[in-house]
Amino acid sequence: MASYEYVSPEQLAGFDKYKYSAVDTNPLSLYVMHPFWNTVVKVFPTWLAPNLITFSGFLLVVFNFLLLAYFDPDFYASAPGHKHVPDWVWIVVGILNFMAYTLDGVDGKQARRTNSSSPLGELFDHGLDSWSCVYFVVTVYSIFGRGSSGVSVFLLYLLLWVVLFSFILSHWEKYNTGILFLPWGYDISQVTISFVYIVTAVVGVEAWYEPFLFNFLYRDLFTAMIFGCALCVTLPMSLLNFFRSYKNNTLKHNSVYEAVVPFFSPCLLFILSTAWILLSPSDILELHPRVFYLMVGTAFANSTCQLIVCQMSSTRCPTLNWLLLPLFVIVMVVNVGVTPYVESILLFTLTAAFTLAHIHYGVRVVKQLSNHFHIYPFSLRKPNSD
């Protein structure tokens, strides 16, 4: 199992023919962030590998998640009458979030600057982005938290799924059209949230208790922005790009079934995880929301990475992710009835298993592609170059 190869020979051959194709029409990205990143990238030494920049940004996102998990383990810290997160934590999280966003924008420029662009770099970047979704969303949740002035853990669960599906839409587009249309919501959300973290440190979480407009609270604005961006911007633009490709006869998959296969595993994950929440005898989401979110986000990231491998290698996306089998079994067990203690053990065990399985998947895929392209993932040197 330690040496299991996830990338098939057919997919490796597909990577040999891969050419990067992306479209970015976001004004914020084009006219503000890209000029900024072009300046920042010059600070990095030319010996610094782009994948190392990518991984560093991901680690900053994970660090923010762990930092807030320490100061706000149950998402009540921002509620009235509870001990709030220290102001300096919000400043650190805001700065690190923007740094992570910057590193995510700079890594590709460093690759072109050092003439080290490769399919592995793109896969590594987007694969880590898919896992970052859950860490980013759950960290943001601590701004409002739950309680009388916050957002319920179930509503945040739904908001997490909106973000996850918004992310996979871009790669579903590329799976069908061959072009990655970069979503507008990502740049806007990263800049906005980084700013909100700093503002929270200055004005305190109490400022978010007040109405934004009439009886419309800031938490409602937070919710409306996520749902509104997904339904009014991300989804329509994705469908438009898909139908343009269909009209131009450039779709890579002719049948409806093949076109929507990438959604099967994420949808089943949503059904199973929601069923667990609804059937839970101990109200598992209320009991361990942070761990439940991490379990869902990690399983989603694994399915998304499999999709990214397939769209880059022009191969068929697997119908189902076998990681969902143990989740299905647990939902069946929970439906029969278990004690709260046993259910908690099942959740923690499954989350650990998903995390280890996903890390193993990532390490093995990177190893396979590194060997195939004869490159070191975290170095600009080629093997046996010296």
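The largest nonpolar core of this predicted model holds 109 residues, and those that touch the most other members are Tyr135, Trp276, Phe292, Tyr293, Met295 and Leu327. Beyond the core, the structure has a nonpolar surface patch of about 510 Å² and four salt bridges, which are taken up in turn below.

**Nonpolar core**

- In soluble globular proteins, nonpolar side chains tend to be buried together.
- Phe292, one of the core residues that touch the most other members, is in contact with Tyr157, Ser273, Trp276, Ile277, Ile284, Leu285 and Leu347, when residues up to four places away in sequence are not counted.
- Trp276, which is among these contacts of Phe292, also belongs to the group of core residues that touch the most other members.

**Nonpolar surface patch**

- The patch of about 510 Å² is made by Ile91, Ile95, Met99, Ile198, Val202 and Val203.
- The elements that give two or more residues to this patch are helix α4, covering residues 87-113, and helix α7, covering residues 184-203.
- Ile198, which has its place in helix α7, counts as partly exposed because its relative accessible area is 30%, a value that falls between the limits of 20% for buried and 50% for exposed.

**Salt bridges**

- Side chains of opposite charge can pair when their charged atoms come close.
- One of the four salt bridges joins the side chains of Lys174 and Glu122, with a distance of 2.7 Å from N to O; Lys174 lies in helix α6 (residues 153-177) and Glu122 in helix α5 (residues 119-144), so this pair ties together parts that are 52 residues apart in sequence.
- Both partners of that bridge, Lys174 and Glu122, are buried.
- Another salt bridge pairs Arg146 with Glu286, whose closest N and O atoms are 2.8 Å apart, and it links distant parts of the chain, since Arg146 is in the loop between α5 and α6 while Glu286 is in helix α11 (residues 284-287), 140 residues away.
- The two partners of this pair differ in their exposure: Arg146 is buried, with a relative accessible area of 7%, whereas Glu286 counts as partly exposed at 37% relative accessibility.
- A further salt bridge is formed by Arg219 and Asp220, with the closest N and O atoms 3.8 Å apart; Arg219 is partly exposed, having a relative accessible area of 22%, and Asp220 is likewise partly exposed, at 27% relative accessibility.

Terms used. Residues are numbered from 1 along each chain as its sequence is written. This is a predicted model: local features need pLDDT of at least 70, side-chain atom pairs count only at pLDDT 80 or more; totals for chains, interfaces and linings use all residues. Side-chain values use heavy atoms; hydrogens and water are left out. A nonpolar core is a set of buried Ala, Val, Leu, Ile, Met, Phe, Trp, Tyr and Cys residues joined through side-chain atoms within 4.5 Å. Buried means under 20% relative accessible area, exposed over 50%, partly exposed in between (1.4 Å probe, protein chains only). Contact means heavy atoms within 4.5 Å. Patches are made of residues with over 30% relative accessible area and no salt bridge: like charges are joined within 9 Å, nonpolar side chains (Val, Leu, Ile, Met, Phe, Trp, Tyr) within 5 Å. Accessible areas come from the Shrake-Rupley method with a 1.4 Å probe; for residues, only the protein chains shown count as cover. Helices (H or I, at least four residues) and strands (E, at least two) are DSSP runs, numbered from the N terminus.
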